[in-house]
Amino acid sequence: MSVRLELDDLSVVYDGARDGHPAVAGVSLSLEAGRIGCLLGPSGCGKTTVLKAIAGFEPVRAGQVRLGGSVLSAPGVHVQPERRRVGMMFQEYALFPHLSAAENVAFGLRRRPAPERRARVAELLALVDLADAGERYPHQLSGGQQQRIALARALAPEPALLLLDEPFSNLDGATRERLSVEVRDILHRAGQTAMLVTHHHSEARTLADDIGTMHNGRLTDWAAAPR
Ligand code: ADP
Ligand code: MG
């Protein structure tokens, strides 16, 4: 079940930051359930830091992270990452090479009973259009197919929110473009609330329902993407 994400005047300061300079300052946005949001901006502008604050890997200096109305982060409040129901797909999160595609997808479902796990894996492989690829190992899949398996693995535990950090940056331009369209359709079909960050304008335009630009830790112009 997907839910709404709200960031309210969010600031993050890293320990040891020069002059206590915030990496993220005063970021506010609201992303409705089932929509794909995108933060667009150059390297170093604070995109990954926003995602780390949402996932609970960095505490917030000021402001709030709310998911489905519950406060996950605020000064003095910090829900642990594993309790947040936030899934992640990062470009450097490669698949486990010694596990098949199906086993990779099943990874986050270890605590579920085996029949439920098998059914969920089959459902996810079909969702990413790789129903027949479950037995294959990552080296037997193309880069784009590997990223679709990584997406299936991230969606398998039914996160309330999915975070995507430059998920296609390792791929060539044509593959990136095609995969952006596929991933948008998969996320919409799943009704998944998702937040993407990227420095690729084309990726942002293709995927985003709502989009904002980051510059020097600040977010400007958060709004519905033109269609
Ligand atoms: P982006 O993802 O947009 O490239 P980041 O969020 O990774 O940007 O980084 C934003 C700023 O925070 C940069 O100036 C970066 O150098 C700094 N930064 C990132 N991670 C750390 C860290 N662990 N400790 C100190 N500073 C960091
Ligand atoms: Mg980054």
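Here are three short exercises on this predicted model, each with a worked solution.

Residues are numbered from 1 along each chain as its sequence is written, and chains are lettered from A and ligands numbered from 1 in the order in which they are written. Because the model is predicted, local features need pLDDT of at least 70 and side-chain atom pairs count only at pLDDT 80 or more, while totals for chains, interfaces and linings use all residues; side-chain values use heavy atoms, leaving out hydrogens and water.

**Exercise 1.** Work out which residues surround ligand 1 and which polar atoms lie by its oxygen atoms.

*Solution.* Start with the shell, taking residues with a heavy atom within 4 Å of the ligand. You should get Tyr14, Ala23, Pro42, Ser43, Gly44, Cys45, Gly46, Lys47, Thr48 and Thr49.

Next, look for polar contacts (here, pairs of N or O atoms within 3.5 Å). Polar backbone atoms of Cys45 and Gly46 lie 3.2 Å and 3.1 Å from an oxygen atom of ligand 1. For Thr48, a polar side-chain atom is 2.8 Å from an oxygen atom of the ligand. Now check the cover: the protein hides 57% of the 560 Å² of accessible area that ligand 1 has on its own (Shrake-Rupley method, 1.4 Å probe).

**Exercise 2.** Find out how helix H4 sits in the structure and what covers it.

*Solution.* Grab the helix first: H4 is residues 143-155, a DSSP run of H or I with at least four residues. Its 13 residues reach 18 Å from first C-alpha to last, close to the 18 Å expected at 1.5 Å a residue (1.5 Å times one less than the number of residues).

Then count burial, meaning under 20% relative accessible area with a 1.4 Å probe and protein chains only. Ten of the 13 residues are buried, so H4 is largely enclosed by the rest of the structure. Among them are Gly144, Gln147 and Arg148.

Finally, ask what does the covering: S7, H2, H3, S8 and H5 are included.

**Exercise 3.** Decide whether Arg176 and Ser100 are buried or exposed, and list their contacts beyond four places in sequence.

*Solution.* Place Arg176 in helix H5 (residues 173-190). Its relative accessibility is 15%, so Arg176 counts as buried. Its contacts (heavy atoms within 4.5 Å) are Phe168, Leu171, His200 and Glu203.

Now move to Ser100, in the loop between strand S7 (86-90) and helix H2 (101-106). At 5% relative accessibility, Ser100 is buried too. Ser100 touches Gly134, Glu135, Arg136 and Tyr137.

Notes
Polar contact = N/O pair within 3.5 Å; in protein donor to acceptor, adjacent residues only side chain to side chain. Helix = DSSP H or I, 4+ residues; strand = E, 2+ residues; numbered from the N terminus. Buried < 20%, exposed > 50% of the residue type's maximum accessible area, 1.4 Å probe, protein only.
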